[in-house]
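Student: I'm new to this one and don't know where to start. Could you pick a single spot, take a close look at it, and then work outwards from there?

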Amino acid sequence: MKTETFHYDNRIVRAFAIATVIWGLVGMAAGLLAAVQLFWPEANLQLQYVTFGRLRPLHTNAVIFAFVGNGMFMGVYYSLQRLLKARMYSDRLSWINFWGWNAIIVGAAITLPLGFTTSKEYAELEWPVDVAITLVWVVFTLNLIGTILKRRERHLYVAVWFYIATAVTVAVLHVVNSLEVPAGAFKSYPIYAGVQDALVQWWYGHNAVAFFLTTPFLGLMYYFLPKAAQRPVFSYRLSIIHFWALIFLYIWAGPHHLLYTALPDWAQSLGMVFSVMLVAPSWGGMLNGLLTLRGAWDKVRQDPVLKFMVAAVTAYGMATLEGPMLSIKSVNSLSHYTDWTIGHVHSGALGWNGFIIFSMLYWLFPRLWNTRLHSVRLANWHFWIGLLGIMFYAIPMYWAGVTQGLMWKQFTPDGFLQYPNFLETVTQIVPMYRLRAIGGSLYLLGTVIGAYNLWRTAKSGVFEPDVEARAVIQDAPRQAEHGHRWIESKPVLFTALTTVAILIGGAVEIVPMYLIRTNVPTIASVKPYTPLEVLGRDLYIREGCVGCHSQMVRPFRSETERYGDYSKSGEFVFDHPFLWGSKRTGPDLQRQGGKYPDAWHYNHMEDPRSTSPGSIMPPYPWLLTRKLDTNALPARIAALRKVGVPYPPGYELGEAQAALAAQARAVVANLALGSITNAPPDTEIIGLIAYLQRLGTDIKAAPSAAAPVAAAIATP
Amino acid sequence: MNDPKTPLKDPLLLDHEADGIQELDNNLPRWWVWLFYLTIVFSFAYLGYYHVAGSGDLQIAAYQKEMVRGNALKDAAQAQFEASLGSLEPSKDSALLARGGQVYQTYCAPCHRADGGGQVGPNLCDDYWIHGGTYGDNLRIIITGVPEKGMLTWKGVLTPADIQAVASYIQTLRGTSPPNPKMREDLAPATPAEVYE
């Protein structure tokens with residue numbers, strides 16, 4: 001038996017920790033600005049760059065990938081070295097991971113406000129950034145696996161299992177969902193269309209929540225909670241069962257984001273039942289965390305680290321019960337597209353991710369700087385203000401969601417919609433939007449207090465970049481091991497088993513959607529978009545319209561009476577990407593085509609409140625002056641052809657521009673009818689109007705393609 | 001943990017540790033195991049009921065049943081209203097006119113302008129009426145629309161009460177003179193046909 005001396009790298013942990021705090025402040029501030037715009041649209045400062053549609057993805061990317069992402073790396077880089085008794089495999093890879101990841105975030109902060117977006121939620125970043133994310137993630141994974149291979153600890157602790165699952169699954173999700181054909185430096189179209197794109201996107205989107213926001217943090221909980229509580233983990237067996245159940249079941253649940261849409265019934269049902277089966281595995285994590293605290297609850301009263309941790313684990317338990325409930329189809333029929341979803345994700349994001357990160361920060365800063373926390377009192381203030389912020393955020397959102405969901409569905413005794421005017425259901429809940437902004441402000445205030453406290457803590461201590469550690473090298477012959485304990489000593493086998501577990505669900509759902517044609521019945525009258533509509537659709541994507549408007553009429557009488565015929569999967573076969581949306585802050589637009597005159601759209605985009613008094617939609621005056629980028633057309637048509645849209649060969653070489661010009665002239669003529677005589681035919685608004693007037697109209701040319709349904713507004 | 005204050009070793013404590021973290025060998029909580037079993041049983045039962053046995057209505061079948069029920073109510077109310085059109089008079093009730101004004105601003109103003117002066121749709125304030133200017137004519141045009149001219153049908157969208165309210169409100173616009181009204185159709189230059197596709 002001999003002892004070996006080595007050093008842990010604390011410098012990389014410090015870098016991620018500082019980035020976590022800074023990006024946390026930035027991301028939350030962006031969220032607050034977005035929240036304020038929902039009751040005060042002028043808060044966009046009349047800048048297209050920070051108008052809601054572009055600001056929302058900036059906020060979500062900043063909090064998920066910048067704040068939570070850096071927080072995850074911080075915790076993993078600290079705990080992994082100690083759990084494996086080894087320095088990170090390569091300092092160089094560690095720093096490529098840090099600078100690469102944060103450069104990507106800066107790239108996001110530049111490209112998203114400029115309107116470079118794929119529109120796919122939590123995967124908005126355009127293809128050059130997607131490539132960079134892939135490379136940096138590979139670096140992180142290599143560093144993780146390399147450290148595991150050179151470990152001085154024979155067995156992998158449960159935290160490391162979760163880190164492995166995270167690294168493998170995020171790589172698979174990101175690559176598959178980002179398969180796209182470039183149509184310019186910052187423009188691409190996904191290889192999937194319509195229903196398939198929706199399925200792949202929500203397989204990704206749901207499991208980004210699972211494997212970026214959940215599994216790494218369960219791993220971190222398994223390290224930091226017993227450390228802070230100084231108690232043994234409640235049940236090793238529970239760790240094993242809930243780990244494997246969780247990663248296997250999670251991957252199937254994506255379709256619960258698409259209930260009652262045009263997705264085939266079988267896929268919806270799979271999404272629902274696998275969500276229901278997730279309750280117990282999720283709660284396994286919560287129980288193992290909370291029960292570890294048996295006999296240590298007195299410490300929870302005094303220690304802010306444990307206070308934040310307990311609240312985080314509890315929020316995790318509530319969010320993972322609520323999620324499966326929202327996945328039950330009948331509940332989802334009320335909750336979907338409403339603020340209920342927003343309340344749900346924020347109870348998870350603010351409660352679980354935010355609080356567990358604060359817990360780690362309060363634990364790490366005094367240790368990294370060899371000092372004591374500057375002020376326990378301030379940390380307690382942070383805790384209570386943050387908790388109050390979560391309450392003020394979540395409760396108004398639940399209230400708003402249920403109120404609006406019920407209003408959408410309410411009929412009079414005569415069978416007419418009680419609230420046929422969508423706007424009426426919005427103005428009803430604007431007070432809740434104000435309260436929500438108060439909640440967000442409180443949470444941000446808490447974070448500011450926390451940042452100050454951490455800064456003072458760091459100032460009062462001395463940072464130790466390389467911490468000496470010792471490990472005992474066992475020479476004695478190993479005892480034979482069986483079962484899971486044996487697998488824990490075989491990292492390659494462990495990683496392979498994990499990969500199999502996470503591939504099954506996705507494969508069973510996605511592959512048949514491609515191979516079995518009956519899953520997407522084609523409709524003969526559905527044709528590709530015209531060149532002007534292609535550019536108009538790209539503007540719709542650029543401005544983030546999909547953040548507030550769905551294009552998916554669900555098969556409920558309350559929806560078909562309001563919007564028109566329900567959406568069919570065959571209508572979306574040329575939609576690269578799909579734009580079904582997941583939230584209706586404004587009405588659904590799937591049957592918008594032909595509903596209003598062109599001039600209405602022109603006036604509405606210039607000033608929404610001129611046509612819809614009380615609307616909270618921001619004005620888009622720049623669309624009336626910016627020139628339509630017709631030079632981009634050839635590359636876009638060519639890229640769309642590559643992903644499968646049947647434009648004839650050579651169409652983009654001249655014919656397309658002529659068709660575009662002719663359609664633009666027609667729109668201008670229509671505008672003149674509506675007393676808008678000065679509209680230049682080469683502005684962006686012309687393209688957007690052309691696209692909006694096309695929406696959902698193809699199917700109306702079909703000879704009785706579907707069951708006769710009274711459309712809310714007849715075809716003109 | 002190797003807590004010096006706890007001299008007795010927990011019998012459930014496993015003999016391994018990682019960075020000082022130890023683990024207990026507690027059994028899985030029974031209620032948790034049963035919860036897990038219950039959700040699995042439910043899932044198989046659900047899939048079996050809807051997709052193997054085919055017993056439950058999938059979403060389109062459920063929708064069609066809902067439509068039959070809802071449309072029966074609505075059609076009855078609509079038929080009763082249309083049968084009584086001839087005997088209806090414009091209302092002078094201020095509450096009803098206020099409601100009519102609201103409906104007008106929401107649904108009619110986009111084409112006929114907030115003051116009724118006409119924009120895409122014709123001026124509603126003068127005495128020139130393309131499809132007849134009596135209250136009954138107004139009701140009829142609101143209900144059926146004039147598809148070839150872009151006037152939408154509001155049958156089934158607006159309730160009978162709202163159609164009466166807005167038609168009564170439109171009667172109050174008669175004789176007002178908003179600035180820049182749309183030109184009378186019979187005096188206007190020809191416009192391209194079939195523009196609203």
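**Starting from one residue**

Tutor: V138(A) sits in helix α4 of chain A, which covers residues 127–149. Helices (H or I, at least four residues) and strands (E, at least two) are DSSP runs, numbered from the N terminus. Bear in mind that this is a predicted model, where local features need pLDDT of at least 70, side-chain atom pairs count only at pLDDT 80 or more, and totals for chains, interfaces and linings use all residues. As for labels, residues are numbered from 1 along each chain as its sequence is written, while chains are lettered from A and ligands numbered from 1 in the order in which they are written.

Is V138(A) buried or exposed? It's partly exposed, because 14 other C-beta atoms lie within 10 Å. The cut-offs are 20 or more such atoms within 10 Å for buried, 12 or fewer for exposed, and in between for partly exposed, with C-beta atoms placed from the backbone. From V138(A) to L435(A) you'd travel 297 residues in sequence and 42 Å in space, C-alpha to C-alpha.

Now zoom out to the whole chain. Chain A has 26 helices and four strands. Its radius of gyration is 26 Å, close to the 27 Å from the globule rule for 716 residues, so chain A is as compact as a globular protein of that length. (That radius is taken over C-alpha atoms, and the rule is 2.2 Å times the number of residues to the power 0.38.) The C-alpha trace of chain A spans about 90 × 50 × 50 Å along its principal axes, and 59% of the 716 residues count as buried. Of the contacts in chain A between residues at least 6 apart in sequence, 84% join residues at least 24 apart; a contact means C-beta atoms, placed from the backbone, within 7 Å.

Next, some helix pairs. Helix α10 (residues 279–292) and helix α12 (residues 304–327) of chain A pack at about 170°, with axes 9 Å apart. Axes are lines fitted to C-alpha atoms, for helices over the stretch in contact, and angles run from 0 to 180 degrees between N-to-C directions. That's why α10(A) and α12(A) are roughly antiparallel: over 145 degrees counts as that, under 35 as roughly parallel, 65 to 115 as roughly perpendicular, and the rest as oblique. Among the residues that meet are W283(A) and M286(A) from α10(A), and Y316(A) and L321(A) from α12(A). This contact has eight nonpolar, five polar and no charged residues. Here Ala, Val, Leu, Ile, Met, Phe, Trp, Tyr, Cys and Pro are nonpolar, Asp, Glu, Lys and Arg charged, and the others, Gly among them, polar.

Helix α20 (residues 531–542) and helix α26 (residues 684–694) of chain A cross at roughly 100°, their axes coming within 7 Å. That makes α20(A) roughly perpendicular to α26(A). Seven nonpolar, two polar and four charged residues form this contact.

α26 turns up again around helix α22 (residues 598–606) of chain A, where eight of nine residues are buried. Those buried residues, including W600(A) and H601(A), pack against α23 (608–611), α25 (655–673) and α26 of chain A, together with α3 of chain B.

That brings us to the partner chain. Their contact takes 59 residues from chain A and 58 from chain B. On chain B, β1 (13–18), β2 (21–24), α1 (30–52), α2 (59–83) and α3 (94–112) each give two or more residues. That side of chain B has 31 nonpolar, 20 polar and seven charged residues.

Definitions and conventions: Contact = placed C-beta atoms within 7 Å.
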